[in-house]
Amino acid sequence: MNNNNNIYDLVGKLCIELGARNQSGALRSVTNYLANTQNASRPTTRRDDEATIVAKIASILSQKSSRDLLLFQRLHNNLTSNMDLVPRTQILSFLLCMANSGREHRLPGDSSLLNSTKTTTNSVKKMIPKSFISRSATPPTSNTDSGLVPSKLPSYRASSAQPSSMIVRSSTFPGCEPLDQHDELVQDVLYALIGKQCKYLRKDVVSGGFKLEPAKKRSLSAQSAEMLLRLAELGFLHDQVVSFMDTKSEKYPLGLIGQGLVTAMRKELTQYYGMVARMQEQVNTSRSLGAKDGGRVTLMNLMVWVTYPLHRLTWLTRIADKCVDRKGGALMSAVYSFLCHGDHQVRGLAHELLQAMCLPLRHMLLRWLLDGEIEDPHSEFFIEILHDVTNDRLWHEKYRVRENLLPTFISTNLANKILVIGKSINFLKEVCQDKGAIGGREDFRICFEEQIDNLFSSVPDTRLHQQIDNFYLNTSKKVLQVIMGPHKLLEHLKAMRRYLLMGQGDFIGLLMESLKSQLDSPAKEVHCYNLSAIMDATIRMTNAQFDDPDILNHLEVQIMEPFDGDTGWDIFYLKYTVQGPVATMLEPCMPMYKMIFKPLWRIKRIEFVLMYKVWKDQMCNAKQFRAMASEMDGITYKLHLCTLEMMHFISEVQYYILFEVIECSWAALSERIGSASAIDDILRAHQDFLETIRYGIFLDADSDSLFAKLDTIFHEVMNLEAWQDKFYEVCFREWNARTAFEENVKKSEKVGKYGVTTEKRLERDQEMKIFKIDLSKFHKSLDHIRHSYETSVKQFLYELASSNDYNLQLFNIRLDFNEYYTKRDERLNVPLTYEYMRMSNMFQSSRNNSSRMSMSTSLHVN
């Protein structure tokens, strides 16, 4: 009883809403209808019933006013998008029955329809939602007064119908005229638009496009055949897009970004299907109105209606073709290239696709930028993690940018900033054990979620780019504070400069003097623990003892694997061991320190040999061998000259390396560290510092010949040391023999035996002859060493003078400041000086300019 009251209340409201002046008559008709159909059974509702009912209602309304017809079509479209098929059909059936009852109008041949209209009572209270009525209360204006269908098709972007139920042959509708050939052509075009073969259009097996059925082609005019093929082109484009989205197809894009592209294309096709459904509805409506009013849909109407979707699907197909065999950033780059197109519709289409594709990219970026995690199940993110790399190499090697997957709208600079942000978060969490929040995190997340489309903006100055820059600076500042504060990065750099780059002079000199006895031994007899004990004692005896003990604990003595014939000097080196976060930053640079330490240690050793051994021995032995001066002066004079030449050369080389190269480079490094805003700025400055030193001590690839000639000079210094040791050994043996002979003479005088025997005199004379022969040999060998040394120095100076580096040319002038070597070698003359090279270059450039001018003049004359 309550249900009936509710039903009648609803019916009363409906009659008040729709009945206008004749409300009582409408209510009486509805009451009679409900009384006769209340107990009727519910038949199965088909989509054909709905189309038939709509056609009948449209026929009734067209006889009254085109304005009412347009209003009904609009209300029916809204009802279609807000209600299921069964209640919608029941509502339409009820309304049709009321219209027939009010006008005493019956449609011929409508027995099936009357049966279907007897079961609407149970759905009356579901008729029309209030929001639907309010949206559709104002009918659209129209200038047409006839019952024809509107000439303008509803928007292509306004429907969500599905292709499985969009096209129905109008021949199944009761009361419609039989289809003629033109109606069949229109219906075939509608089938072709969704890729279905039909009576007149068949698919080509090879190309997949549509072609005319040969048997039917003769019955068509040339104009109709041409229009059919042009309209069928849209169906071919539809098939191409569907094939691209097929998961079993080879063209199907992989990964989450590819799925985002497919989702956007599916949405595009859904709107396309809605347009085709409305076209079918227009065709069915026009047929129900009949051909007498001239309202039939023609192929020309379809040509006009498909202009926009044809353009859109054409570019959608081209985009799909360009996206084949791509994934991740490469896939986005392919779509992004269409944003530069001159057609604004193509740009809009590409922008819509990119927005859908950026959703998975946004998720990956947020995970990386906020948490330092890579969530990339399909390997399409442009940042890659190497799981086999340990945390000691986290900063330099564990994460990297994959250039092949980097979207073109993300610049290399922006990609590096994104890489550094996530890398910094991982460094703080995993290495520094610092899990504190970074400033601006929440604002950055909100901006990223709301303005992700700014990522592919044509100008990288959007708010999103600014937020990335700000978050990059905040993250870098946090890392810089941690690594420079508690972990003392700058102090470690200073310690390596002092102990590995020979900056602590007193420590290096005393260490070398203390280690000499150990390092002169064969390499196999040198033990690391003995050297470590000597180094610790050296630290306690020099200013190094005042350094931070935590810094000194990182300094170690290491020996390399010895080879046959090596001494301790060849295998010894100092190592600075870094740990924790500092190791993560500096570990890749430690081999460079080892490579630089060896030549610096060798230069120090050469200086030590010349200053503290060769020259010292000469000064100490000069007084002792004063009695033998007449025999040794010729050799010792040349020895002094050769030693002084070597000392001057080694001193200048050492000054150039330690001061002009290392010290000046360290000053530049300190300045860059003071102005650094990120840890990468410090690391780049430190790497440039080491590279400058490597170039300054001739260890780069372009300076191999310079380093080889410098090594030859060092070898000649060591030969001089060995020669002097043998020379003084022979001199001491002769001096001892003479001293012993004189002592024997004195002893014999004391006992009354004057002189010596003839045998001893002959023996002494023979020893003196051998000594003189040895002196002549030493004289020749010294001349050979001097000549070899001078030749090596000349070659080294020639290489410096021929260098394009201005600093090396000035270094050549300093080594040969008095032109001592220039006067002895024709190659080291004026044409090799810097001034002449500059003049020569100016002369050559002037010659080139004059030749170009003469050539242009000749061309002009010709």
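Tyr806 is partly exposed in this predicted model, with a relative accessible area of 41%. Tyr806 belongs to helix 31. Together with Leu810 and Ile813, Tyr806 makes a nonpolar surface patch of about 270 Å². Other residues of helix 31, which spans residues 806-815, are buried: Leu808, Gln809, Phe811, Asn812 and Leu815. Seen down the helix axis, these buried residues fall within an arc of 155°, so they line one face of helix 31. The N-terminal end of helix 31 is capped by Asp805. A side-chain oxygen of Asp805 lies 3.0 Å from the backbone nitrogen of Asn807.

The chain as a whole gives the setting. The protein chain contains 32 helices and 6 strands. It has 862 residues, and 46% of them count as buried. Its accessible surface comes to about 44300 Å². Carbon and sulfur atoms account for 51% of that surface. Among contacts with a separation of 6 or more, 75% join residues 24 or more positions apart.

Helix 14 is mostly covered. This helix runs over residues 328-336, and 9 of its 9 residues are buried. The buried set begins with Gly328, Gly329, Ala330, Leu331 and Met332. Ser333, Ala334, Val335 and Tyr336 complete it. The cover over helix 14 includes helix 11 (255-289), helix 13 (307-322) and helix 15 (344-371).

A buried histidine is found in helix 28. His686 lies in this helix, which spans residues 679-696. Its relative accessibility is 1%, so His686 counts as buried. The side chain of His686 makes a polar contact with the side chain of Tyr593, at 2.7 Å. Tyr593 is also one of the residues that His686 contacts beyond its neighbours within four places in sequence. The others are Leu493, Leu586, Cys589 and Leu669.

Lys216 offers another contact between separate stretches of sequence. Lys216 lies in helix 9, residues 214-217. At 28% relative accessibility, Lys216 counts as partly exposed. Lys216 touches Lys199 and Tyr200, with residues up to four places away in sequence left out. Tyr200 is 16 residues from Lys216 along the chain, yet their C-alpha atoms are separated by 6.1 Å.

Charged pairs come next. Side chains of opposite charge can pair when their charged atoms come close. The structure holds 40 salt bridges. One of them joins the side chains of Arg445 and Glu449, at 3.1 Å from N to O. Both residues lie in helix 18 (residues 441-450). They are 4 residues apart, so about one helical turn separates them. Arg445 is partly exposed, with a relative accessible area of 25%. Glu449 is also partly exposed, at 35% relative accessibility.

Arg738 and Glu734 form a salt bridge as well, with their closest N and O atoms 2.8 Å apart. Both lie in helix 29 (residues 704-750), 4 residues apart, or about one turn of the helix. Arg738 and Glu734 are both buried.

Glu645 and Arg786 also meet in a salt bridge, at 4.0 Å from N to O. This pair links distant parts of the chain, 141 residues apart. Glu645 is in helix 27 (residues 629-674), and Arg786 is in helix 30 (residues 758-802). Glu645 has 16% relative accessibility and counts as buried. Arg786 counts as buried too, at 19%. The cut-off for buried is under 20% relative accessible area. Elsewhere, Arg367, Asp371, Glu373, Glu375 and Arg441 are linked in a network of salt bridges.

Two loop residues stand out by backbone angle. Most residues other than glycine have a negative phi. Ser379, in contrast, has a positive phi near 55°. Ser379 is found in the loop between helix 15 and strand 3 (383-385). This residue counts as partly exposed, at 34% relative accessibility. Met502 also has a positive phi, near 65°. The loop that holds Met502 runs between helix 20 (489-500) and helix 21 (505-519). Met502 counts as buried, at 5% relative accessibility.

Technical notes:
Residues are numbered from 1 along each chain as its sequence is written. This is a predicted model: local features need pLDDT of at least 70, side-chain atom pairs count only at pLDDT 80 or more; totals for chains, interfaces and linings use all residues. Side-chain values use heavy atoms; hydrogens and water are left out. Buried means under 20% relative accessible area, exposed over 50%, partly exposed in between (1.4 Å probe, protein chains only). Contact means heavy atoms within 4.5 Å. The arc is that of the directions from the helix axis to the C-beta atoms. A polar contact is a pair of N or O atoms within 3.5 Å; within protein, one must be able to donate a hydrogen and the other to accept it, and residues adjacent in sequence count only if both atoms are side-chain atoms. Patches are made of residues with over 30% relative accessible area and no salt bridge: like charges are joined within 9 Å, nonpolar side chains (Val, Leu, Ile, Met, Phe, Trp, Tyr) within 5 Å. Accessible areas come from the Shrake-Rupley method with a 1.4 Å probe; for residues, only the protein chains shown count as cover.
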